Amino acid sequence: MNAHLEPTPSPLALARSEILDLKPYEHASWEPALERLHANELPWRLAGDATAAGLNRYPEPQPRALVERLASLYGVSPAEVLIGRGSDEAIDLVTRAFCRAGEDSVIVCPPTFGMYAVAARIQGAEVVRVPLDAERGFALDERAILEQSARGVKLVYVCSPNNPTGNLASEPVLLHLAEALAGRALLVVDEAYLEFSGAPSLARHVATHPHLVVVRTLSKAHGLAGARCGVLIAVPEIVALLRKIIPPYALTQPTIETVLAALEPGRLEEARGRVALIRAERERLRDALSGCAGVVRVLPSVANFLLVEFRDASAAFARARAVGLLVRDVRSQPGLGRHLRITVGTPEQNARLVAGLARGPA
Ligand SMILES: Cc1ncc(COP(=O)(O)O)c(C=O)c1O
């Protein structure tokens, strides 16, 4: 809870004034009870169109049914939900709405997901790096974040569980950061891999921490990376601001229908079963890799990937390729000069990887 006696300043005080003043594009009104002669669409469905609503029609912007389902999935209110094309779009929108080119900056905590810095650079915002503390299991350096955030920082990005290190950030530290940054910067917590950890989401704290923004995705645990659907969870003022700059028809009709179907109770149960399988495989793969010649160590991970240090990461990369498997080379990230990131696959893929690493290059 916020310990200050004075009221928390509105996070909108940090937003770009041009965006606050922007009059958004007025899309064709959404009135499904009436026939549409107001959006310059064709009146006929095309042969082979299997969607319920028809691909000849523009989709409903921020479709109400989907917003409500996702709000209930994440335990927040519909006004706290913005849906976009993957969490990549959420990251892009929040950067564009809050960072003034050439003036503002964002904090990222490497080694971490690369899109935070890319979105900032696209926007012309400076990127300030506050590395994770490898000695403390890649924990956040809270003191350094607070020190650095004094200088024109608008956003602090934290990935939890972190890609590629696989560890969770401490919830008390994140909540303290969100409180300490109030009036200065937003704390954006990317929970793309949270389902694989079993830990609770920070989303339940958004209502009491208006400077906290949580990002979720359907791409990982829900198996819908190809559908492109991500969710930003924030206080309604931030959601309303970002709705002004998200393209009016960000979500395609096939995506809307696919995701709605995936959120039916039976399908959610299946998704939970797949997550349990991946978690079990992650531990099996971790044990198997730990015993492989050439592996220095496998870092503990609560996500659906493992970060592995090799004696010779180039050779390991080539061995994986030789058995038909791509793994991620993360050696350009600070402190990871001999590491590869390996996604947990099917039991067969994981066994093939371990056998390939043991065998040597083809
Ligand atoms: C930490 C993290 N955040 C966000 C994303 C992007 O996910 P989405 O498919 O939702 O855009 C990824 C993708 O790998 C990721 O690793």
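Okay, one definition before anything else: when I say two strands pair, I mean that DSSP finds at least two bridges between them. And keep in mind that this is a predicted model.

So, with that in hand, let's start with the sheet. Four strands make an open sheet, and going across, the order is β8-β9-β11-β10, with antiparallel pairing. Which strands stand at the edges? Those are β8, residues 295-298, and β10, residues 328-329; each has a single partner strand, so one side of each is left without a neighbour in the sheet. If you look at β8 and its pairing with β9, which is residues 305-310, you'll find three bridges, in the antiparallel sense. To get your bearings there, find V298: standing opposite, in β9, is V308.

Now zoom out to the domains. The protein splits into domain 1, residues 11-263, and domain 2, residues 267-359. Taken over C-alpha atoms, the centres of the two are 28 Å apart. As for how they meet, 22 residues of domain 1 are in contact with 22 residues of domain 2. And what's on the domain 1 side that touches domain 2? There we have 13 nonpolar residues, seven polar ones and two charged ones.

Okay, helices. I picked two, and I'll take α2 before α3.

Helix α2 runs over residues 64-74, and its buried residues include L66, V67 and L70. Look down the axis of α2 and the buried residues fall within an arc of 100°, so they line one face of the helix. What do they pack against? The partners are β1 (81-84), β7 (230-233) and α8 (253-262). Flip to the other side of α2 and you see R64 and A65, which are exposed. Right after the helix comes G75, and its phi is positive, near 70°.

Then there's α3, residues 86-98. Here's a quick sanity check on its geometry: 13 residues at 1.5 Å a residue should span 18 Å, and the end C-alpha atoms are 19 Å apart, which agrees. What about burial? Of those 13 residues, 11 are buried, so α3 is largely enclosed by the rest of the structure. The buried set has some charged residues in it, namely E89 and D92. Also buried in α3 are, among others, I91, L93, V94 and F98, and G86, at the start of the helix, is on that list too.

That's my tour. Feel free to pull up the model and poke around.

Technical notes. Residues are numbered from 1 along each chain as its sequence is written. This is a predicted model: local features need pLDDT of at least 70, side-chain atom pairs count only at pLDDT 80 or more; totals for chains, interfaces and linings use all residues. Domain bounds come from an automatic or database domain assignment. Two residues are in contact if their C-beta atoms, placed from the backbone, lie within 7 Å. The expected span of a helix is 1.5 Å times one less than its number of residues. A residue is buried if 20 or more other C-beta atoms lie within 10 Å of its own, exposed if 12 or fewer, and partly exposed in between; C-beta atoms are placed from the backbone. The arc is that of the directions from the helix axis to the C-beta atoms.
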